[in-house]
Amino acid sequence: MPAVMTQVSWPELAEIVGKEYLHPAVAADTFDGVTPQMVCEPGTPEDLARALRWANSNGLKVTPRGGGTKLGWGNPPPGCDLVLSTARLNRVLEYAWDDMTVIVEAGCPVADLQKTLAQHGQQLALDPLWPERATIGGILSTNDSGTLRARYGSLRDLIIGITVALPDGTLAKSGGKVVKNVAGYDLAKLFTGGLGTLGVIVQAIFRLHPLPRESRSLSFSGTPQSLNQLLLAIMASKLTFTGLQLRAAPGGAQLDVRFDGTAAGIQAQVKQLQQIAGGSLVPSDAPAETWTAHQAIWDGAAPALVAKFSVLPAQFAAICGLVKRSAEAQSLAWKVVVQSVGVGYVRLEGNEQALRITALTLRDEIASVGGTKTGGTLVALGCPLAVKRGLDVWGPSSDAQPLMVRIKQRFDPDGTLNPGRFVGGI
């Protein structure tokens, strides 16, 4: 549905960003059934901050946008007047390869940054969804890491500095260009995963890691139960894997392990892995695309629902069983991929009403899996709009909700940025 027209002077905004960088929204700018009035593309952090301040002072509702790969995440907004694009903020500003740090603008695609870093044999040690289009600001806002998180940690572990534009026009900075930096309030961790509801990320500083000399991936086939036990044994060992994931679908289950390093080092790790597995499970070499399974789970027939869940590693097999039973009860196709850190994706395909019923059922069952008090969580990321409107994608609010509301009020008191899309309708 189109946003309610607001009587404002758009030429004022054009003077800030340039006439050629302000244009009416088109069909391609629609997200979650909402069509904005205008789209603007500031060319500098200062211009973006001024544009955001102008929008805030005029009472407009603003949606920040990078590559647009995850605009459908979160609850549908009640409306949007202006899309604030970071497409022109796409430069690598400072690359200190000898210090293994980089300063990059928020609109830079992840793949472009990785190509620059690879020239010096380095990498930003993460593999998020759709890296060719996903931008630095976008992956930070959604906290999208990938399979490398098993070895290098999440984005909150890799980011060491950030610059954000706040609704009042302030450009706030936190952190710096050195890894051991403890001065000031840690805005970087606060804004990572904030879905653009507190401010607009314009720059980030990351610590880097060397590219591996060699890499080898192995896969085991078996039941979810046997593979879950092997996964736990691998995690309890001294193996230094850079990827460890469990995949399951009606056709069976696989456990994937990746080692990086020298040829001799990898061979020693593989030998130890085989000893841990024993003779009952024999690995086979796996192709590199095995590690895009978390991205491939988005591909398939429609209508479909893709949800992200978080559970303890010991509960992976139980989750596969829950998904299987719930999906089959509603005649839905299903598949699961979950990383050793306890974060995974589930895809369900079928009737929209069945998708909603199954998502709600799974959410309740995952919350109590293993008989724990807290259990796991399930967040619906991608699904038909009709399903999303009848399903709070985030699920029940936690005890932290009052604090989150106060933080939102402190940074964005007028509710300018992405209103209604985050947890609890923030």
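Welcome! Your first stop is the aromatic rings, because this structure holds 6 aromatic pairs. Remember as you look around that the model is predicted.

Start by selecting Trp-73 and Trp-298. Their rings are stacked, with centres 5.9 Å apart and 10 degrees between the planes. Now trace the chain from one to the other: Trp-73 sits in the loop between β3 and β4, Trp-298 sits in the loop between α10 and β16, and 225 residues separate them. Are these two buried or exposed? Both Trp-73 and Trp-298 are buried. Add Trp-130 and Tyr-345 to your selection, and you have one aromatic cluster of Trp-73, Trp-130, Trp-298 and Tyr-345.

Next, pick Phe-191 and Phe-411. This pair is edge-to-face, at 5.7 Å centre to centre and 85 degrees between the planes. Phe-191 belongs to helix α7 and Phe-411 to helix α14, 220 residues apart. Phe-191 and Phe-411 are both buried.

For a ring with a charged neighbour, show Tyr-21: Arg-88 lies over its face, 3.4 Å from the ring centre.

Now for the nonpolar interior. The largest nonpolar core has 64 residues, and Trp-298 is one of those with the most contacts inside it, along with others including Phe-220 and Leu-305. Colour helix α11 (residues 316–329), which gives the most to this core, with 6 residues. Another core, of 30 residues, lies apart from it and includes Val-104 and Leu-124.

Finish with the strands. Select β12 (residues 214–222) and β14 (residues 252–261), which pair antiparallel over 9 bridges. Which residue of β14 stands opposite Leu-218? Val-257 does. On β12 you can also find Ser-219, whose bridge partner in β15 is Ser-284.

Conventions:
Residues numbered from 1 in each chain as written. Predicted model: local features only at pLDDT ≥ 70, side-chain atom pairs only at ≥ 80, totals over all residues. Heavy atoms only, no water. Core = buried A, V, L, I, M, F, W, Y, C linked by side-chain atoms within 4.5 Å. Buried < 20%, exposed > 50% of the residue type's maximum accessible area, 1.4 Å probe, protein only. Helix = DSSP H or I, 4+ residues; strand = E, 2+ residues; numbered from the N terminus. Pairing = 2+ DSSP bridges. Phe/Tyr/Trp six-rings, centres within 6.5 Å; stacked < 30°, edge-to-face > 60°. Lys NZ or Arg CZ within 6 Å of the ring centre and 35° of its normal.
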